[in-house]
Amino acid sequence: MEKVIAGKTINVNEEGYLLDFDQWDKSIAEQIAIEEGIGELTDRHWAVVTWLQEQEKNKVALTIRKLGKSGVTDIKEFYALFPGGPLKKATKIAGIKKPVGCI
Amino acid sequence: MTDISATKEPQQEKIEKPRPIKKVCFIVAKSTIDSAYAAMVMANGARMEGIDVEMFFTFFGLDVINKSKMTNLHVATVGNPSMPIPTMLGGLPGMEALVSNQMKKEMERLDLPPVDEFMEMIHLSGGKIWACKLAMDMFKLEEKDLVEYLDGVLTVGDFYQRAAGEGTQIIFI
């Protein structure tokens with residue numbers, strides 16, 4: 001389905017995750033962050049978002065454990081940065097697929 | 001004869017959106033690896049969904065947050081019908097440790113953290129960790145025997161008070 005985000009028409013799935021990463025840009029991330037109740041994105045948010053995108057590019061299965069060991073952030077800060085389902089929200093903002101794992 | 005139609009819910013309520021789960025409270029009363037991981041995976045998964053978590057450890061479940069025991073939990077090789085070995089063999093010395101180590105290797109392959117790391121992850125994600133007062137008295141345990149990040153020791157009444165609120169579920173493991 002199509003959705004207008006930050007003035008651009010974007011292909012998303014029914015949960016609002018981008019289907020085509022080439023359509024992603026920072027203004028889209030900022031708009032999704034507001035919709036998800038995260039508010040304005042700080043440098044700390046961007047560090048996590050960039051790391052997630054790199055992992056996705058390298059086809060690494062994303063888990064909170066890996067993020068905690070990444071050196072980019074720790075588990076406590078990650079939950080504080082993206083309250084209410086951090087991995088789900090951070091991946092949506094990063095324009096990548098929702099992680100399918102249970103851990 | 002009873003009029004069944006009168007007890008039916010009105011049509012309008014049926015299409016109401018289901019109310020989300022807001023908090024899950026786990027009562028962990030066993031310390032086998034399978035019980036501990038069932039509780040930890042469910043608790044961590046709840047936090048990942050933005051659901052509040054409270055874990056209440058009682059009876060043998062206290063081993064899961066006991067610093068000297070948590071890294072050495074075992075699978076029950078006897079009295080466990082799902083075990084692919086005969087019960088008589090399961091009782092042989094060293095069998096429990098052997099099977100437990102096999103299982104731990106398999107978990108590491110799936111990126112499942114060991115018990116101590118997993119419990120700490122749940123704590124860092126905002127999950128509350130409680131110990132049962134009665135069980136601690138029974139096993140003569142003190143707070144210093146348990147993980148540093150323990151949120152406290154509760155009575156059953158305290159636990160139910162913490163479970164208060166709409167959208168709370170209690171799960172016994």
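## Cysteines and aromatic contacts

A search of the whole structure, over all chains, turns up 0 disulfides. The model is predicted.

Why does Cys25(B) form no bond with Cys132(B)? A disulfide needs two cysteine sulfur atoms within 2.5 Å. The closest cysteine sulfur to that of Cys25(B) is in Cys132(B), 14 Å away, so the gap is too far for a bond. The search from the other side ends the same way: for Cys132(B), the closest cysteine sulfur belongs to Cys25(B), at 14 Å, again too far. Are these two cysteines buried or exposed? Cys25(B) has 0% relative accessibility and counts as buried. Cys132(B) also counts as buried, at 6%.

Next, the rings. Over all chains, the structure holds 7 aromatic pairs. One of them joins Phe78(A) and Phe82(A). Their ring centres lie 5.7 Å apart, with 65° between the planes, which makes the pair edge-to-face. Phe78(A) and Phe82(A) are both buried. Which residues do ring pairs link into a cluster with Phe82(A)? They are Phe78(A) and Tyr79(A).

Lysines also meet rings in chain A. Lys26(A) lies over the face of Trp46(A). The charged end of Lys92(A) sits over the ring of Tyr17(A). The distances to the ring centres are listed here.

| Lysine | Ring | Distance to ring centre |
|---|---|---|
| Lys26(A) | Trp46(A) | 4.7 Å |
| Lys92(A) | Tyr17(A) | 5.3 Å |

Methods: Residues numbered from 1 in each chain as written. Chains lettered and ligands numbered in written order. Predicted model: local features only at pLDDT ≥ 70, side-chain atom pairs only at ≥ 80, totals over all residues. Heavy atoms only, no water. Buried < 20%, exposed > 50% of the residue type's maximum accessible area, 1.4 Å probe, protein only. Phe/Tyr/Trp six-rings, centres within 6.5 Å; stacked < 30°, edge-to-face > 60°. Lys NZ or Arg CZ within 6 Å of the ring centre and 35° of its normal.
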